[in-house]
Amino acid sequence: MDLQDKKERKPALSDKILMSVEKPARYIGGEVNAVMKDPSQVEIRFAMCFPDVYEIGMSHLGIQILYDMFNRRSDVYCERVYSPWPDLHRILKEEQIPLFALESQDPIQVFDFLGITIQYEMCYTNILQILDLSGIPLLAKDRGMEHPFVIGGGPCAYNPEPLADFFDLFYIGEGETSYDELFCLYKAWKKSGMDRKEFLRKAARVPGIYVPSFYEAVYHEDGTIADFHPTEDGIPARIEKQVAMDLTDAPYPSKPLVPFIQVTQDRVVLEIQRGCIRGCRFCQAGMIYRPTREKDVEVLKRQAYELLKNTGYEEISLNSLSSSDYSRLKELVTYLIEECGERRVNISLPSLRIDEFSLDVMSKVQDIKKSSLTFAPEAGSQRLRDVINKGLTREVILEGAGKAFEGGWQKVKLYFMLGLPTETVEDQEAIAELANEIAARYYDIPKERRSGRCQITISTSFFVPKPFTPFQWAKMYPKEHYLECAKTVNEAVKNQLNKKSIRYNWHEADVTVLEGILARGDRRLGKAILRAYEKGCLFDAWSDFYDHSKWMEAFLETGIHPDFYTVRERSLEEILPWDFIDAGVTKAFLKREYHKALEGKVTLNCRMQCNSCGAGKYQGGVCVENQN
Amino acid sequence: MKIRIKFRKYGVMKFIGHLDTMRYFQKCIRRAGIDIAYSEGFSPHQIMSFAAPLGVGITSDGEYLDIEVNSTKSSAEELQSLNAVMAEGVEVVSYRSLKDTEKKAMSIVAAADYELRIRDGYEPPKVDYEAAFREFFDGPKEVFITKKTKKSEKTIDLKKLVYGFRIFMEQDRPVFYLKVCTGSTDNLKPETVLEAFYAFLGEKLDPFCIQIHRIDVYGMQDGALVSLGEMGERIE
């Protein structure tokens, strides 16, 4: 097609607005590999939303997968929308311009679906912003025939209850499996002329789909849940999480979007496996993505080649949890180094165990002087690492660091959590001691073979218990306790011999408390989230914007006691708000793991021993390895 | 081998700034499979330089970048592969080889010309443009204006830095043509000239009321301004 013949897209925003906001490229669409369709030629228009700023949203792999998968259908047009930055938010409000999708620049209001991926709790007010600016009633019950169906997905959908008021539907699990069925129902419903509720009623029967308005929670006097059940016959009492069992042949975008401006993850992302065999007890991803499923290495090689060619990126990142556990990693990385070397492409390997192989790879693809090694021991003492089932030992860390130092590295980053179950002052101090030992290992190298000082950076975050983990019953602590923990570590660092080589960073504790409330909340929290948004809370994940006092006011005014959700220890018999979801791992397994944690007993990884977590029922991935 | 690429930037691409445009082209070159040369060292980068940065919001028919390649196909073939991987809003219009002795575009840029139009919805000053032009620019021997930079104020003579200035009417609205000194020293923005003209008319120029369009960029060759696109040769 001749370029001149193409009709120029008209932006939804005037030049004046685009010139007066920060980074107008966030709102114009038209990126390389953006899908352009004629909206009048499709039956379903789907607006896919990541409720955070463009640069974050564009870095998310899940959306790229679904965007590609939906747009392969000729009857669906999937477009994107991200949270307008506060500067544009103000203008859209003042000038009453409806929020629009990037591709067609059409208002979200005219779409059939608004799909929102919910990746972290701190984006909940941004979800309300999207609805508000789109002119969609914030409460699902107030929506009519002219409004899109709002559907949520992603990891936070494993406890959808705090958001139950705002969504028409949730999709629980991996998007690859049930959307075709949902779209099919939708098309039939659209032709039928029946009301909104009728579509939801049908959708509620689709595997993985949860329609909160068909369920009711009853509470005990103490505030805990007495019962949770469907309000109509034919609505399933339990929602099965969806799993794509054949990842090798599952749809994967070969032409991902390439943004004009730099985004957080500005590189090709190749997913090599889903799930994790390790079973760290704090980690939700390690539980809900079970069973671990690998992609075929030959397919990955082909995809890597195509992705680089179709994007023009000069960097490729291998994406998975604990990528060292991918069984053909060596073969894949060797291929990439050979293939990419010629194309001058960098390879980034997050979540890699530090050993001889990974150090060798890193020395080939990175500048040793500039790069740093990352360890995530998560807890300072071996006792506490056993509690959380983090397999990493002191010996392994020191050996890895030693090898790296001998190889020329000087920078080490260490990640820990504070506020873990059973944690004591000794465990906290052990963080500083471990850092000191690593530094000491560096200074063991004769002076003439090292250059200057090493740099050990400790970062701690505060632990937030998440649904579907063995720690889902664990209590949290008041804000003051978290800050006390950080102070203990800081003091301990100052007492170390190598304190000049150690730096310590920690986070604010306010946001931890809020994350804790929302993560394990129930549907009564909806009114507090709404109130917080009305008070102006937005971009809560951004420390510059987070306003703790407004949130606390919102809880107070809506009769919510934050402590009920955070510092209270839950009984193992309690009905938890997310119990109606079948996430694969059984409650019995989680209880076993919780007990073992409190006893400081480790659980072997899935390849060494099956621990009967429940994910075996999917009959695939690591659960059936070596069984043929 | 040195190659000069000329491209147009239009539509929403005008909102993509200079650095992002550079990154955009690095990826385009890879997607198009151009056999570009890389610098030596631990982190090799494509040998590529842009002639004159274009401000955000400005469209252009004459943007240039120079690259170095190990091998090349014909101009027609490379143009086709490049345009096959462009986003809407960028079109590559020429691909020519330069002599090895030829200087980089960015080092010889001397002038650029522009068209400035009043946007729809804004009213231009109601004056006799012909007379005003004669009085403001054409008549006087010197036209001094004060140019404010971040650090200082500088008095400059527009007669020395404006190489071409015309005002013509289209549907009763003025269109300003300006050819101005461009480059690292004595760089003059076209809107600075228009601002001075408005001030002369006793008006204040609202920066949002004009759409600036760059027509072409020129280098100095043997004492004359030559379009960067006329240098070098088509590869057959």
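These legends go with a set of close-up views of a predicted model.

**View 1. Two phenylalanines from separate helices meet edge-to-face in chain A.**
Across the whole model, 57 aromatic pairs turn up, counting all chains. The one shown here joins Phe70(A) and Phe183(A), with ring centres 5.1 Å apart and planes at 75 degrees. Phe70(A) belongs to helix H3 (residues 61–71) and Phe183(A) to helix H6 (residues 179–192), so this contact ties together parts of chain A that are 113 residues apart in sequence. Both Phe70(A) and Phe183(A) are buried. Zoom out a little and ring pairs link these two into a cluster whose members include Phe46(A), Phe113(A), Phe149(A) and Tyr171(A). Tyr179(A), Tyr186(A), Trp189(A) and Phe199(A) are also part of that cluster.

**View 2. A tilted ring pair sits within one helix of chain A.**
Trp551(A) and Phe555(A) have their ring centres 5.7 Å apart, and their planes are 35 degrees from each other. Both residues come from helix H18 (residues 548–557), where they are four residues apart, about one turn of the helix. Trp551(A) is buried, and Phe555(A) is too.

**View 3. Two arginines of chain A each lie over an aromatic ring.**
In one case, Arg26(A) puts its charged end over the ring of Trp85(A), 5.1 Å from the ring centre. In the other, Arg568(A) lies over the face of Phe564(A), and here the distance to the ring centre is 4.0 Å. Keep Arg26(A) and Trp85(A) in mind for a later view, as both also line the second largest cavity.

**View 4. The second largest pocket lies between two domains of chain B.**
This pocket has a volume of about 1200 Å³. It is lined by 42 residues, and those closest to its centre are Leu188(B), Lys189(B), Pro190(B), Glu191(B) and Thr192(B). Helix H6 (190–200) of chain B is among the elements that supply at least two lining residues, as are strands S2 (48–50), S5 (109–118), S6 (144–148) and S10 (210–221) of that chain. H6(B) gives the most, with six residues. Sorted by class, the lining has 22 nonpolar, 10 polar and 10 charged residues. The domain assignment of chain B gives domain 1 (2–107) and domain 2 (123–205). Both domains give residues to the lining, so the pocket lies between them. Taken over C-alpha atoms, the centres of domain 1 and domain 2 of chain B are 31 Å apart.

**View 5. The largest cavity is lined in part by H3 and a strand of chain A.**
The model holds eight cavities of 30 Å³ or more, and the largest has a volume of about 160 Å³. Gln64(A), Pro256(A), Leu257(A), Arg267(A) and Val269(A) are the closest to its centre among the 17 lining residues. The elements that give two or more residues to this lining are H3 and strand S10 (268–271) of chain A. The class count for the lining of the largest cavity is 12 nonpolar, four polar and one charged.

**View 6. The second largest cavity takes in the arginine and tryptophan of View 3.**
About 90 Å³ of space lies in this cavity. Besides Arg26(A) and Trp85(A), its lining includes Tyr27(A), Val53(A), Tyr54(A), Val81(A) and Tyr82(A). Ser83(A), Pro84(A), Leu99(A), Phe100(A) and Leu102(A) are lining residues as well. By class, that lining comes to 10 nonpolar, one polar and one charged.

**View 7. A few backbone oddities of chain A are worth a look.**
Most residues other than glycine have a negative phi, and most peptide bonds are trans. The bond from Arg290(A) to Pro291(A) is cis, with omega near -5 degrees. Pro291(A) is in the loop between helix H8 (285–288) and strand S12 (293–294). Asn389(A) has a positive phi, near 60 degrees, and lies in the loop between helix H12 (382–387) and helix H13 (394–406). Asn389(A) counts as buried because its relative accessibility is 4%. Ser612(A) is not a glycine either, yet its phi is positive at about 50 degrees. Ser612(A) lies in the segment after helix H20 (587–598).

Key:
Residues numbered from 1 in each chain as written. Chains lettered and ligands numbered in written order. Predicted model: local features only at pLDDT ≥ 70, side-chain atom pairs only at ≥ 80, totals over all residues. Heavy atoms only, no water. Phe/Tyr/Trp six-rings, centres within 6.5 Å; stacked < 30°, edge-to-face > 60°. Buried < 20%, exposed > 50% of the residue type's maximum accessible area, 1.4 Å probe, protein only. Lys NZ or Arg CZ within 6 Å of the ring centre and 35° of its normal. 1 Å grid on protein atoms, 1.4 Å probe; cavity = no way out; pocket = protein on both sides within 12 Å on 5 of 7 lines; lining within 4 Å. Points joined across faces, edges and corners; volume = space filled by probe spheres on them. Nonpolar A, V, L, I, M, F, W, Y, C, P; charged D, E, K, R; others polar. Domains from an automatic or database assignment.
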